[in-house]
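Could you walk me through some features of this protein and show how each label is earned? Let's take them in turn.

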Amino acid sequence: MIDLIHDLEGYQAEYQRSVEDPEGFWAGVATGFHWQKPWDRVLNWNFEEPSVRWFEGGLTNLCYNAVDRHALRDGDRVALIWEPNSPNDAPRQWTYRELQEAVARTAGMLQAMGVQAGDRVCLYMPMIPELLWSVLACARLGAVHSVVFGGFSARSLADRVADAGAAVVVCSEKIRRGPRDLPCRAVVEEALDLLEAEQDHPVRKVLVQGSLDPSKPLRSFSNIQSWDWDRLWDQTTARPQPRWMDAEDPLFILYTSGSTGKPKGVLHSTGGYMVYTAYSFAQVFRTAPGDVFWCTADIGWITGHSYLAYGPLLQGATVVMFEGIPTYPDPSRFWKICERHRVSHFYTAPTAIRALMVHGDAPVQSADLSSLRVLGSVGEPINEEAWQWYHRVVGGERCPVTDTWWQTETGGILIGALAGVSPLKPTYAGRPLPGVQPVLLDPQGRELEPTDPPSEQEGLLAMRFPWPSILRSTWGDHERCRTTYFSPFPGYYFTGDGARRDADGMFRIIGRVDDVINVSGHRLGTAEIENALNRHPRVVESAVVGYDHPIKGQGIYAYVILRSGLQDLDADSENQLIHELSETVVREIGAIARPDRIQLVEGLPKTRSGKIMRRFLRKIASGDTSQMGDTTTLLDPSILDAIWAGRKG
């Protein structure tokens, strides 16, 4: 278990120790886990190749540390609570001992299918217990899991399967999401059709959970054997023991979209990821035995990997896993789940918070949230209005709101408040965790040294030293890893984000570098302008992009969603509101940030996970929709037509 920091002085001392002696610091943290064989060397690294290796020579197993270790010590503690999509279906729960049995049995199924250490297994499933079991079962066997969010198109799935070289695909018959049943097995079949047409594809076996027709769980494909989960589950007697893996053996591949090019398969390894996700979870959220932690993210994204599947279980917490959506059957669903399971720690995205704000305070107040002690935010910078509502209405002004910054590539939280310890500042993620060494760079790659006396500074966010869960590569293309993250500024890991550091050393993320608008030589973060727009009482959400401007270089185009919608808005009231929004930005930031164009919209192009796809908005703002690219990952592709129809300019 991780020793927790108790106060701000303790944080400062631990942070200083982690910078002065990083190898000694992380070796001390790592001794809290089971190692079948101790490591030979704590750290071997350079950022030129790049090459980062933590705990070389050490043998461990992440599944053992997350499940078996607790099953042996405290097997009756509840490990998993599963809340199904429909509130009419009863929740289920598993103790650590029961979870160990389910995971070991799933590993036995995969082993019966021929899965061995090093094999890549693609998981394309809804948020059901079998997905979590499969993730942990892969780790138990030493297989490399690649979870693809159960909402990506067949083309996206096929591309990821092919890139990973996954010989095995595990899927479900369907995905239940709110009032709808979405296809899952059928999407896999379509992806296999695409792969077969391209020939030489890797897939040899497919396992289907929840098949409507157990006698034929998958349409026949040449050279592919299909298996039915329920039948194989009943037949499986083997319970494989954890395979001891080298600390640097691959653990999983997770694909993240770039602004251009094919998705990048971010590769994480076993030992360093284990140590850092457990450490960051423990220090940021500060759970104790009996606490109930709910991360609302899908396991198809890194947040679900690190703070649902691995981090909380490594620390012996009780985790909630939710199959549904926050507004089904009504917008009180999140809060009723918190009440039912006495959730103590709640971790969600600003997108979800803003979506629920639209419905007012009443749905929140309909539930007893007295069990909540810590609130977390993840995925994007949280605007101040959402922060204040989250703190006041959901947390009752008694729960610290920890805004966390990190990436798929970082594996875990790098900057964020330690709940109940760190000072809180709305819209600021906070200070770096111990072991994390962020710097601000100017465009030439020179470090911006803190001033004396301290003052606010803004620059490009980079890291000067590796932490244990830093990505090891991009699968099958190490050169892409180097050119994307390490070559822009030699000697540093470049995050791709711009950031502001205040006089107290707290960091605020101001947007991706490609989401920073250069207006007449002034760099303006899109998140900054969005935060200002969202302060207007009639605004629930906004998205800001840049477009070519003949005088300024780049102009500012803002898309704005109103709380009341657009139904009763005539031309005069629309113009008046747009003027108010413009003046709000001027008031909050300055005249340089005044949007050139403001378009009121009914919705924004979002993925099923809630991420705003700004590349589509940039295309529309520029007036060019000739090459929009793949829109199949959008929750509602038709929203693009509506936005284009109302385009300004």
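**How the labels are earned**

Q: What makes strand 9 and strand 10 a hairpin?
A: Strand 9 and strand 10 form a hairpin with two residues between them, and in the turn Gly-178 has a positive phi of about 65°. Strands here are DSSP runs of E with at least two residues, helices are runs of H or I with at least four, and both are numbered from the N terminus. Two strands pair if DSSP finds at least two bridges between them; strand 9 and strand 10 (residues 180-183) are joined by four and run antiparallel. One bridge partnership is that of Arg-176 with Asp-181 in strand 10.

A word on the source: this is a predicted model, in which local features need pLDDT of at least 70 and side-chain atom pairs count only at pLDDT 80 or more, while totals for chains, interfaces and linings use all residues. Residues are numbered from 1 along each chain as its sequence is written, and side-chain values use heavy atoms, with hydrogens and water left out.

Q: Which side chains of strand 9 point to the buried face?
A: Along strand 9 (residues 174-177) the side chains alternate: Ile-175 and Arg-177 share one face and are buried, while Lys-174 and Arg-176 point to the other and are not. Buried means under 20% relative accessible area, exposed over 50%, and partly exposed in between (1.4 Å probe, protein chains only).

Q: Why is Ser-344 called buried or exposed?
A: Ser-344 has a relative accessible area of 4%, so the label is buried. Its place is in the loop between helix 11 (333-341) and strand 18 (345-348). Leaving aside neighbours within four places in sequence, Ser-344 is in contact (heavy atoms within 4.5 Å) with Asp-291, Val-292, Ser-371, Leu-372, Arg-373 and Val-374.

Q: How do you know whether Cys-63 is bonded to the closest cysteine sulfur?
A: A disulfide needs a pair of cysteine sulfur atoms within 2.5 Å. The sulfur of Cys-63 is 10 Å from the closest one, in Cys-138, so the gap is too far for a bond. Cys-295 is in no disulfide either, as the nearest cysteine sulfur, that of Cys-338, is 12 Å away. A search of the whole structure finds zero disulfides. Cys-63 is buried at 0% relative accessible area, and Cys-295 is buried at 2%.

Q: What makes the pair of Trp-26 and Trp-54 edge-to-face?
A: Rings of Phe, Tyr and Trp (its six-membered ring) pair if their centres lie within 6.5 Å; planes under 30 degrees apart count as stacked, over 60 as edge-to-face and the rest as tilted. The search finds 44 aromatic pairs. The rings of Trp-26 and Trp-54 have centres 6.5 Å apart and planes at 80°, so this pair is edge-to-face. Trp-26 is in helix 2 (residues 22-30) and Trp-54 in strand 2 (residues 51-56), 28 residues apart. Both are buried.

Q: Why is the pair of Trp-94 and Trp-133 given its label?
A: The ring centres of Trp-94 and Trp-133 are 5.6 Å apart with planes at 85°, so this pair is edge-to-face. Trp-94 lies in strand 5 (residues 92-95) and Trp-133 in helix 5 (residues 129-141), so the pair ties together parts 39 residues apart in sequence.

Q: What makes the charged end of Arg-160 sit over the ring of Phe-152?
A: The rule asks for NZ of Lys or CZ of Arg within 6 Å of the ring centre and within 35 degrees of the ring normal. The charged end of Arg-160 sits over the Phe-152 ring, 4.3 Å from its centre.
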